[in-house]
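Please open the model in your viewer, with a cartoon for the backbone and sticks ready for side chains. The tour below goes from one selection to the next and says what is found at each stop.

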Amino acid sequence: MPVYFRRLEQHIIIFGDTYQHRTIIKGWGGRFNGSDKSWYIPYSDIILDKVREFTTSNGGCQLPDASPKTAPIEKQPEVAATTDNLTVSSLLAKIDGLIRVNFPQSIWVIGEAQNISHKTHMYFQLAEQKDDDSRRAITVDAVIWRSQLQDIITQRGKDFIQEGLKVRCLCAVQIYRDRGAISLHVLDVDSSYGLGQLALEREKLLRKIRQEGLEKKNKLLKIPRFPLRIGLITADGSRACSDFCHQLEALAVPAQIYFLPTPMQGEETLTAVPRAIEALQQTCDLLVLTRGGGSASDLRWFDMAEIAYAIVHASVPIVAAIGHHDDLCVSEEVCCMRQKTPTAAADYIAELFNNTYSLLQEYADEMTALLQRRLQLAKDAYSAAQENLFASATVCIQHFQRAILQHSNNLTQCALDYRSSHNRRLLNLAATMSKASESFLLNKVQQLHAHEKTLMRYDPRPWLERGWTRLYDQHQTIKSITQVQVGSEAKAVLQDGKLTLQINKIEASDGKKSNL
């Protein structure tokens, strides 16, 4: 198959069977476009002569220039007004022709990189938000073929494109006929464009925060001397988490860490970090917001308003260790304290404890010296007071000894007088009690004789010896015939035992029978 070429304003495009000549073409600075199997070479007169000679020797020639001057845009209405009946493939072929005419050379396209997929080739979409609805976007498919991808990585680095970052891409506009969709074949990526936009947005947000007077709100919060409850906001299982915790443990910081795993990259960061700040500030004395560094595009989430306002409105001081070394993100600008790394944040907290320990030691030394001076003064005062007390005590003892002797004499005389009076009272009381007891005993003896006579009158034994008896039923003593009935039982008490009787006949005392 012959090899052809076409000249553009800034490039030379080579078509045809170029696979076996790819080393030569690469030596001229060529980049392969996999969509139409063509090579793009930067234009120069020397390269043009070499390409013309190369294509001629391989059975080809120069095709007409694909400059916009040779293919004016005014021809488009003529194509659009045709009345021919076209098949889908014919329609797509015509559209492809129009694209080649109107976009004969690569162009720079600006958009937000979305849905990046990197296997052999890199596929993604360039998106532009609609003005009427920020949640909707206009998207176009883009692809970087493996050959261009390696060159771009070599020149731009492996992080030349990031999800959600606005970039400027040098693209060849083509149509993918199998799906009837416009496709951009990316030849180069200017990621610095997106970083510049991020810088502008960052400065705009900082100006807004300063105008609202919130820039120093978190900085004015007092950092506790002993932050015993530290809230840690970082990704679960991250190096930042392990570095921070291990450093605190190595420095023997006596603080309890409340770790809340939080995404630190991607759109979820914008909601997860404010939620973590809101949750931890209820129980913690100090919050640490940290991650293990990264590229500027990786850290752009911490330049967003959602996280910045969550920090400025926090009720506890926040130490940010986001990982920048060259510049600061908005979150670091508005936080109470900024450290470069998670380890540096742990060192700062340990320094708080050490400074407080040192201050307490200074206070302890000053208090010790003051107490020693006070103790010496107290000892001197104690010695003087001891001497004064000894002299005063000696005088008091002598005075009290004389008073005690006088009181002893008085008490002795009073005791003698009291004992004499008490003895007289005891003798009178003994005589009175003797008479009273004799009278009481005589009265009791008389009462006993009276009770004895009464009891003798009620003793049934003399009556039983004479043949008298006592009748009773189950409930009471029988004293009248009205208490019994014919056929009922009664018990009789005799001198030597008891009888059980049955009433067969009842007669009243006037001789009349009764059948009660």
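Which residue in S2 is the bridge partner of Arg 6? It is Ile 13, and the pair makes a convenient place to start. Before selecting it, note that this is a predicted model, in which local features need pLDDT of at least 70 and side-chain atom pairs count only at pLDDT 80 or more, while totals for chains, interfaces and linings use all residues. Residues are numbered from 1 along each chain as its sequence is written, and side-chain values use heavy atoms, with hydrogens and water left out.

**The N-terminal sheet.** Select S1 (3–7) together with S2 (residues 11–16); these strands run antiparallel and are joined by five bridges. Strands, like helices, are DSSP runs numbered from the N terminus (E, at least two residues, for strands; H or I, at least four residues, for helices), and two strands pair if DSSP finds at least two bridges between them. Extend the selection to the open sheet of four strands, whose order is S1-S2-S4-S3 with antiparallel pairing. S1 and S3 (31–33) stand at its edges with a single partner strand each, so one side of each has no neighbour in the sheet. From one strand to the next the twist averages 25 degrees. Now add helix H2 (residues 45–57), which packs on this sheet and touches S1, S2 and S4 (38–42); the direction of H2 makes about 150 degrees with that of S1. Such angles run from 0 to 180 degrees between N-to-C directions, with axes fitted to C-alpha atoms, for helices over the stretch in contact.

**Colouring by confidence.** Next, colour the model by pLDDT, the predictor's confidence in each residue, from 0 to 100. The mean for the protein is 82, and 88% of its residues reach 70 or more. Over residues 66–83, however, the pLDDT is below 50, and this stretch has 13 contacts (heavy atoms within 4.5 Å) in the model beyond near neighbours in sequence.

**S5, S6 and S7.** Move on to S5 (residues 107–118) and S6 (residues 122–129), an antiparallel pair joined by five bridges, which form a hairpin with three residues between them. Show Ala 113 as sticks, and Leu 126 in S6 will be found opposite. S6 is also joined to S7 (residues 137–144), by eight bridges and again antiparallel, with Gln 129 standing opposite Ala 137 in S7.

**Around Asp 285.** Centre the view on Asp 285, in the loop between helix H8 (269–280) and strand S12 (286–290). Setting aside residues up to four places away in sequence, Asp 285 touches Pro 224, Phe 226, Pro 227, Leu 228, Arg 229, Val 316 and Pro 317. A polar atom of the Asp 285 side chain lies 3.3 Å from the backbone nitrogen of Leu 228.

**S16 and S17.** Then select S16 (residues 489–493), which is joined to S17 by five bridges in an antiparallel arrangement; a hairpin through four residues connects the two. Within this pair, Ala 492 has Leu 499 of S17 as its bridge partner. Of the five residues of S17 (residues 498–502), the number buried (under 20% relative accessible area, 1.4 Å probe, protein chains only) is zero, so this strand lies largely in the open.

**The whole protein.** Finally, zoom out to the 516 residues, of which 32% count as buried. The protein has 12 helices and 19 strands.

Terms used. Buried < 20%, exposed > 50% of the residue type's maximum accessible area, 1.4 Å probe, protein only. Polar contact = N/O pair within 3.5 Å; in protein donor to acceptor, adjacent residues only side chain to side chain.
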